[in-house]
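Reader: I should like to learn how to read the features of a structural model. May we begin with a single case and widen the view from there?

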Amino acid sequence: MANLADEYGTDVEIYIKALTTTIHADTPTGAPAKLHDLLEELGLERHTYPTDAPIYIWHTVPEHLDADEQKRLATRAIPALLLAGYEVNCTPDVFDEVTYRQAVHDIRTRTARPEAQQPAPAGSPSRPAQARRTP
């Protein structure tokens with residue numbers, strides 16, 4: 001079994017497996033559990049294949065989704081993976097620019113929202129601005 005993440009030296013390789021319509025997300029051999037957990041949180045399904053050592057782990061986009069939604073789900077995962085510090089490669093036949101931009105916007109909005117809700121720091125009250133007089 002080929003593992004593209006091992007082959008290319010990335011943390012996640014997203015692609016359509018040859019001779020299928022299945023979107024795969026390969027992770028390198030020995031990838032941290034945190035990465036596998038994040039991929040599951042993002043909607044991908046974990047698969048394992050016991051080999052002698054180590055266990056081969058990969059993820060796929062759920063097959064019950066239609067083809068366009070599968071591509072959108074895979075593309076939406078990319079900004080979250082990048083934000084978590086992972087190196088991601090996605091083939092053009094999976095990547096959807098509009099979905100990617102929306103996912104980035106959604107992350108920025110969620111990140112900015114908590115800051116906007118914090119109360120102003122307590123300190124000395126500011127003096128009211130003096131009215132300007134015109135000559």
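Reader: Is Phe95 buried, partly exposed or exposed?

Author: Buried means under 20% relative accessible area, exposed over 50%, and partly exposed in between, with a 1.4 Å probe and protein chains only. In this predicted model, Phe95 has a relative accessible area of 30%, so Phe95 is partly exposed. Tyr100, at 22%, also counts as partly exposed.

Reader: How are the rings of Phe95 and Tyr100 placed with respect to each other?

Author: A pair of aromatic rings is described by the distance of the centres and the angle of the planes. Rings of Phe, Tyr and Trp (its six-membered ring) pair if their centres lie within 6.5 Å; planes under 30 degrees apart count as stacked, over 60 as edge-to-face and the rest as tilted. The count by this rule is 2 aromatic pairs. For Phe95 and Tyr100 the centres are 5.4 Å apart and the planes stand at 50 degrees, so this pair is tilted.

Reader: On what conventions do such values rest?

Author: Residues are numbered from 1 along each chain as its sequence is written, and side-chain values use heavy atoms, with hydrogens and water left out. As the model is predicted, local features need pLDDT of at least 70 and side-chain atom pairs count only at pLDDT 80 or more, whereas totals for chains, interfaces and linings use all residues.

Reader: Which residues touch the most other members of the largest nonpolar core?

Author: In soluble globular proteins, nonpolar side chains tend to be buried together. A nonpolar core is a set of buried Ala, Val, Leu, Ile, Met, Phe, Trp, Tyr and Cys residues joined through side-chain atoms within 4.5 Å. Here the largest has 19 residues, and Val12, Ile14, Leu35, Leu81 and Val88 touch the most other members. Elements giving two or more residues include strand 1 (12-16) and helix 2 (33-41), while helix 3 gives the most, with 5 residues. Helices (H or I, at least four residues) and strands (E, at least two) are DSSP runs, numbered from the N terminus.

Reader: Where is Gln70 placed, and what does Gln70 touch?

Author: Gln70 is in helix 3 and, at 8% relative accessibility, counts as buried. Contact means heavy atoms within 4.5 Å. Leaving aside residues up to four places away in sequence, Gln70 touches Thr21, Ile23, Val61, Pro62, Glu63 and Leu65. A polar atom of the Gln70 side chain lies 3.5 Å from the backbone oxygen of Glu63.

How values were computed
Polar contact = N/O pair within 3.5 Å; in protein donor to acceptor, adjacent residues only side chain to side chain.
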